Amino acid sequence: MNSNPFYLSWNKGWSFIFFLEGGTAKINAKGFGVSITSNIKNGESPIESADRLIFKEQRRRKSLNNAWLRSINGLEILK
């Protein structure tokens with residue numbers, strides 16, 4: 001792991017590494033057992049790209065949780 005990740009205090013539990021790969025700026029977010037890598041879009045600041053990645057992951061986790069809750073409630077109705 002890189003010894004110099006950029007930590008954002010507004011999203012504790014996540015660490016971010018900004019790097020160049022093949023001339024393209026990228027961001028790698030690690031936290032809560034997940035590692036996400038994405039390109040930094042044109043005109044986007046590093047803070048905005050980090051926020052975009054975390055927001056996308058939070059939406060995905062909330063969707064999975066809601067699907068699980070619906071499946072549990074469906075099983076209770078069948079009993």
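This section describes strand pairing, an aromatic contact and a surface patch in a predicted model.

Strands β2 and β3 run antiparallel and are joined by seven bridges. Among the paired positions, S15 has K30 in β3 as its bridge partner. The two strands form a hairpin in which two residues lie between them. One residue of the turn, G22, adopts a positive phi of about 65°.

A search for aromatic pairs across the whole structure returned one. This pair consists of W14 and F32, whose ring centres are 5.7 Å apart and whose planes meet at 70°; the arrangement is accordingly classed as edge-to-face. W14 is located in the loop between β1 (6–7) and β2 (15–21), whereas F32 is located in the loop between β3 (24–31) and β4 (34–39), so the contact ties together parts that are 18 residues apart in sequence.

The two partners of the aromatic pair were also examined for solvent accessibility. W14 has a relative accessibility of 6% and is therefore counted as buried, because the cut-off for burial is under 20%. F32, in turn, has a relative accessibility of 54% and is therefore counted as exposed, the cut-off for exposure being over 50%. The edge-to-face pair thus joins a buried tryptophan to an exposed phenylalanine.

A nonpolar patch is present on the surface and is formed by W68, L69 and I72. Together, these residues contribute about 280 Å² of accessible area. W68, one of the patch residues, is found in helix α1, which comprises residues 46–78.

Technical notes: Residues are numbered from 1 along each chain as its sequence is written. This is a predicted model: local features need pLDDT of at least 70, side-chain atom pairs count only at pLDDT 80 or more; totals for chains, interfaces and linings use all residues. Side-chain values use heavy atoms; hydrogens and water are left out. Rings of Phe, Tyr and Trp (its six-membered ring) pair if their centres lie within 6.5 Å; planes under 30 degrees apart count as stacked, over 60 as edge-to-face and the rest as tilted. Helices (H or I, at least four residues) and strands (E, at least two) are DSSP runs, numbered from the N terminus. Buried means under 20% relative accessible area, exposed over 50%, partly exposed in between (1.4 Å probe, protein chains only). Patches are made of residues with over 30% relative accessible area and no salt bridge: like charges are joined within 9 Å, nonpolar side chains (Val, Leu, Ile, Met, Phe, Trp, Tyr) within 5 Å. Accessible areas come from the Shrake-Rupley method with a 1.4 Å probe; for residues, only the protein chains shown count as cover. A salt bridge is a side-chain nitrogen of Lys or Arg within 4 Å of a carboxyl oxygen of Asp or Glu. Two strands pair if DSSP finds at least two bridges between them.
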